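Colleague: I would like a close look at one part of this model before I plan my reading of the rest. Could you take me through the sheets and what packs around them?

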Amino acid sequence: MAASQRPVVHILTRITGLAVSTRNRLPGVDVIDHNKQDWAKDPILPAEVFGDLETCEILLADPDLGAQVLGKLANLQWLQCTFAGVDALVEKIQQQPAAKITRFGGVFGPAMAEYVIGQMIARERKFSLMRENQNKVFWTQAPFRTYRPLSTLTIGVLGAGDIGTDIAKMCKAFGMNVWTMVRTVPKNKADYIDEYRTKDGLPELLSSCDYVCSILPATNETRGLLNGELLKNCMRKKGVLISVGRGSVISDHDLLNALHSGWIAGAILDVFNTEPLPADSELWKLPNVVISPHVATMSMDWQVSELFSKNYQRFTTGQSLLYPVDLNKGY
C-alpha cells in the first residue's frame, strides 16, 4: 500500500453489518463493501466484482466467495475468512497461494457448547413432547417423571480444537463424563477430559458414550470417518449422534442405515452433505432426528470485525497472524 494513501480493505460477505462494524473498529482504513442486494444470496459472484477487486491487497470474505477470486487477485497479500470452516475455500485451491490466509476462530466454542447442551437437555427432558401436549391442551406428568440428568451421561467429542475444548468444558461443568478423540494423547490430561482416544480407539469411544458429538472439519482424514458399520458400536449404550462440524463425516446412506438398524437411538443434525438439505431427504421425516439449518453457531458482524481488527494490527506490524489456515490439514 502506498504510504501517501489510506489503507484499503475490501469486503465480500453475506454477513449483515460487517462493513459498518469494520469501519467503526478501523476508522483510519477505507473499507469497500462489495455486497450487493441482488447477489447477496447467490453463490456465484457477478463478473463486475472481479474488476472492482483488481487492486485488492487485503480481503475480508466468506470462504466460498473468497474462493472465487483468490486466484485472480495478483496484488492480494492477505485473505481473512469470516467463518471457522474453510473447506469451501481449501477445496478450490490448486496450489499454495502467495497471500496469507486466516480463518475466523476463538469465539464459536461457547455458542456451539450452548447448542450441544441445549439439544441434549431438550431430548432428555422431552421438550418437544411438552410442546405437543400444550398444543393439544393435554395435561399429563407421566412421560416426564423419569429422565436422565446430564450428570449421569457420557459424551464423546470428536475434535479437540478450541470449539471442542469449550464443549468438553461445559459438559464437564454439568457433571458429564467426557471422552474425546485426539490425534495424539497428551502427557498431561486436562481436568475436563476423563478419557482420551485416538482414531484407533474410536470404536471403544462410540460404545462408551450416550452422546457422540462430531465437530470435525471436512478434510481428507475426516470425510466418511463414520461410514460403514462403525456406528454399530453405539448400540451398547443406544448413543445419539450430534453432528455440528461438517456433514461429510458420514454419508447420508450410512447415516440412514445406522438409524434404521437401531445402531444409534437418534441424531441431532446441524450440518449435511448437501445444504440446504433436499426436501425429499428421508431425514426430515424421521421422528428420532432433529434438524437445524446449519445455525448451531453463526458469524456475528461484531465478532468478525473484532478478530479482523486484531489481525489487521498484526498484519501491518509484521507479526504472525491469528488462526492461519493450514492447507495440508484442510483448516
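**Strand E4 and its surroundings**

Modeller: In this predicted model, a good place to begin is strand E4, residues 78-81, which runs parallel to E5 and is joined to E5 by three bridges. Within that pairing, glutamine 80 stands opposite threonine 102 of E5.

Stepping back from this pair, E4 and E5 belong to an open sheet of five strands, paired in parallel and ordered E2-E1-E3-E4-E5. Strand E2 (30-33) and strand E5 (100-102) each have a single partner strand and stand at the edges, so one side of each is left without a neighbour in the sheet. From one strand to the next, the twist averages 20°.

Two helices can then be placed against these strands. Helix H1, residues 18-25, packs on the sheet and touches strand E1 (8-12), E2 and strand E3 (58-61), and the direction of H1 makes about 175° with that of E2. Helix H10, residues 301-316, lies across E1, E3, E4 and E5, and runs at about 160° to E4, which brings us back to the strand we started from.

For comparison, there is also an open sheet of seven strands, again with parallel pairing, in the order E8-E7-E6-E9-E10-E11-E12. Its edge strands are strand E8 (195-197) and strand E12 (289-291), each of which pairs on one side only, and here the twist averages 15° from one strand to the next. Inside this sheet, strand E9 (residues 211-214) and strand E10 (residues 240-243) run parallel and are joined by four bridges, with serine 243 in E10 as the bridge partner of serine 214.

Turning from strands to side chains, the largest nonpolar core has 49 residues, and Met120, Ile155 and Ile167 are those with the most contacts inside it. Helix H5, residues 108-124, supplies the largest share of this core, namely seven residues. If neighbours within four places in sequence are left aside, isoleucine 155 is in contact with Val116, Met120, Cys171, Met176, Asn177, Val178, Trp179, Cys209, Tyr211 and Cys213. A second core, separate from that one, has 30 residues, including Leu205, Leu226, Ile250 and Leu277. As general background, nonpolar side chains tend to be buried together in soluble globular proteins.

Key:
Residues numbered from 1 in each chain as written. Predicted model: local features only at pLDDT ≥ 70, side-chain atom pairs only at ≥ 80, totals over all residues. Heavy atoms only, no water. Pairing = 2+ DSSP bridges. Axes fitted to C-alpha atoms, helices over the stretch in contact; angles between N-to-C directions. Contact = heavy atoms within 4.5 Å. Core = buried A, V, L, I, M, F, W, Y, C linked by side-chain atoms within 4.5 Å. Buried < 20%, exposed > 50% of the residue type's maximum accessible area, 1.4 Å probe, protein only.
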